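Please open the model in your viewer and keep the selection panel at hand. The tour below moves from one selection to the next and says what is to be found at each stop.

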Amino acid sequence: MAKPKNQNPSAAPAASATAAVSGNGASQKVFDAIERIPGWLRTTLCFLIVLAIGWCMYFVNHAEPKYAFWDENYHLTSAQRYIEGFAHLEPHPPLGLLLIAAGEKLSGANQGIDMSALTPTKYIDGDKLPQGFSFSGMRLAPSLFGALGALMFFGLMLELTENRLVALLFSTLYLFENAFIVHFRAVHLDSFQMFFSLGALWVFIRMWKHEGPIPVHLYASAAALCGLAIMVKINAALLLALFPVLYFKDFGTRLRGFDVLHQLRHFALKAGIVTLTIATITLVVFALHALIGKQPASEGTSAQTDQQFMSQTYKDYVTRGQHLTPSTLLAITNDYFRFMDHDHKGVPKLDVCKPGENGSSPLNWPLHNKTINYRWDSADGFTRYVQLAGNQVSWYLGLAAVLLSILTIANRRLFGVEAGSGRSYALIEVFTGLYLVFMLLHLYLGAQRVMYLYHYFLGLLISYILIVLNWQNLCELNQIKARTRLLIVAGMSVLIIASSLFFLPLNNHKPLNKEQCERRNVFSHIVDCQG
């Protein structure tokens with residue numbers, strides 16, 4: 001007798017999940033009614049639920065607090081230079097800063113206010129911002145991408161689990177991640193990088209599940225999203241490690257009728273498409289940077305000092321109003337990367353003996369060590385904090401998933417112990433490898449310059465994917481019933497939400513007295529509470 005096509009027990013359709021929790025009487029009628037809703041509509045409703053929660057957590061009141069903190073003092077000036085059209089160079093690729101500037105321009109939040117104080121320097125003190133300045137415009141795009149990132153995360157979870165309800169429950173990992181919430185709602189770059197990275201990983205899973213040779217357009221789609229992520233922050237180049245893995249899987253689908261010349265042509269085609277796509281994204285972004293920033297900077301400003309890193313070609317383009325030719329674009333791109341390299345080398349190294357050092361070693365990040373106080377304000381016995389502190393339940397679940405993944409792989413590869421098979425186990429190997437590459441890369445970078453807890457965000461995302469994959473693998477190995485599987489995920493989601501809401505006042509500038517603050521240090525010390 002022919003077997004059904006779907007042999008992945010954890011990938012049962014949404015109907016099995018609802019059936020698993022249905023009972024008799026009224027509840028049965030509710031689930032019967034749900035089953036009568038078309039599948040496409042149920043999926044749409046799930047996306048709308050995720051968007052609504054994401055909107056509340058990441059976008060609502062994004063103009064608060066009305067103070068600049070952490071890298072906002074830098075990015076505010078960078079975005080304003082784009083708005084005013086000055087030629088300048090920055091420590092990060094242009095895309096994120098261009099999106100911030102676009103949000104400010106579209107919002108009109110500061111229309112009619114003299115913003116010229118933001119452009120002369122690369123750092124502005126909060127008390128030097130123009131009177132009446134509103135953060136709603138500059139924070140618009142980061143907050144929006146933070147909320148839309150929730151849709152990307154749900155799509156990724158749905159692609160992994162093939163179950164709407166389970167994907168919805170696992171989406172709490174992103175929706176209620178406190179570190180994402182506090183950082184993505186500010187004038188920072190990470191929400192853009194996370195959005196494009198999630199899109200790239202979503203396409204990667206679709207490619208991994210594809211039966212037969214992987215189409216060229218999927219390689220191009222994944223490469224485009226990787227390129228966009230890299231054009232926000234350069235450490236997203238980590239994602240490029242997925243392409244060799246994809247190609248070897250793709251190669252395995254074409255072993256019949258093996259022809260060396262054909263395989264080489266095929267490799268050249270796929271590798272060429274990826275390279276060309278990323279190069280095109282890079283040049284388009286830098287073309288926007290060049291076309292928007294055409295005005296020469298005023299004497300004595302920071303943008304004017306950038307000229308020492310500009311080639312004569314770049315200077316002529318700015319001062320003489322020349323057209324943007326391909327050779328000029330390549331020169332501008334090269335100058336920008338030279339400045340980035342110079343700035344990177346000028347960043348101080350981690351000094352653990354330095355009082356108030358906010359930097360940390362990448363080895364501390366999975367343990368949720370070295371949170372950062374971005375700002376605190378005290379009045380009338382209460383203190384309002386803006387604290388980079390994550391959801392401790394989620395972070396420790398992520399760490400447990402990483403350790404379990406390493407143990408699972410070691411058991412199978414070294415000791416021959418049955419530790420899983422099929423797609424879930426294969427993806428555990430892939431994402432564990434990606435996590436290790438992430439840590440090695442950032443250990444190298446951490447030896448060159450100081451790094452901070454938020455540099456772990458991509459690693460944290462990978463650990464969250466490993467949570468889902470290990471759940472699937474363990475359910476398959478132990479033949480856990482659908483009802484029990486759902487209860488496990490639901491229980492985990494309840495803990496994640498409860499933990500997030502408990503720590504959220506530390507992230508969102510809500511008033512706490514010292515006793516209330518100290519309660520947040522119950523598991524580990526994450527904030528210095530003020531009296």
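Begin by selecting Arg423, which is partly exposed, with a relative accessible area of 27%; bear in mind throughout that this is a predicted model. Now add Glu162, whose side chain meets that of Arg423 in a salt bridge, at 3.3 Å from N to O. The pair links distant parts of the chain, since Arg423 belongs to helix H18 (residues 422-448) while Glu162 sits in the loop between H6 and helix H7 (164-170), 261 residues apart. Glu162 likewise counts as partly exposed, at 27% relative accessibility.

Extend the selection to Glu159, Arg206 and Lys209, which together with Glu162 and Arg423 are linked in a network of salt bridges. Within this group, look at Arg206 and Glu159, whose closest N and O atoms are 3.1 Å apart in a salt bridge. Because Arg206 lies in helix H10 (residues 190-209) and Glu159 in helix H6 (residues 140-161), this pair ties together parts that are 47 residues apart in sequence. Arg206 is partly exposed, with a relative accessible area of 45%, whereas Glu159 is buried, at 13%.

For a salt bridge inside a single helix, select Glu515 and Arg519, both of which lie in helix H21 (residues 514-519), four residues apart, or about one turn of the helix. Their closest N and O atoms are 3.2 Å apart; Glu515 counts as exposed, at 53% relative accessibility, and Arg519 as partly exposed, at 44%.

Next, display the open sheet of three strands, which has the order E1-E2-E3 with antiparallel pairing. Strands E1 (372-379) and E3 (511-512) stand at the edges and have a single partner strand each, so one side of each is left without a neighbour in the sheet. Seven bridges join E1 to E2 (residues 382-388), and Phe382 in E2 is the bridge partner of Ala379. Then show helix H20 (residues 482-507), which lies across E2 and E3 and runs at about 105° to E2.

Is Phe243, the following selection, buried or exposed? Phe243, found in helix H12 (residues 242-252), is buried, with a relative accessible area of 10%. Leaving aside residues up to four places away in sequence, Phe243 touches Tyr219, Ala222, Ala223, Cys226 and Val274.

Finish at the surface by selecting Trp40, Leu41, Leu45 and Leu48, which make a nonpolar patch of about 410 Å². Of these residues, Leu45 is found in helix H3 (residues 39-59) and is partly exposed, with a relative accessible area of 38%.

Conventions
Residues are numbered from 1 along each chain as its sequence is written. This is a predicted model: local features need pLDDT of at least 70, side-chain atom pairs count only at pLDDT 80 or more; totals for chains, interfaces and linings use all residues. Side-chain values use heavy atoms; hydrogens and water are left out. Patches are made of residues with over 30% relative accessible area and no salt bridge: like charges are joined within 9 Å, nonpolar side chains (Val, Leu, Ile, Met, Phe, Trp, Tyr) within 5 Å. Accessible areas come from the Shrake-Rupley method with a 1.4 Å probe; for residues, only the protein chains shown count as cover. A salt bridge is a side-chain nitrogen of Lys or Arg within 4 Å of a carboxyl oxygen of Asp or Glu. Helices (H or I, at least four residues) and strands (E, at least two) are DSSP runs, numbered from the N terminus. Buried means under 20% relative accessible area, exposed over 50%, partly exposed in between (1.4 Å probe, protein chains only). Two strands pair if DSSP finds at least two bridges between them. Contact means heavy atoms within 4.5 Å. Axes are lines fitted to C-alpha atoms, for helices over the stretch in contact, and angles run from 0 to 180 degrees between N-to-C directions.
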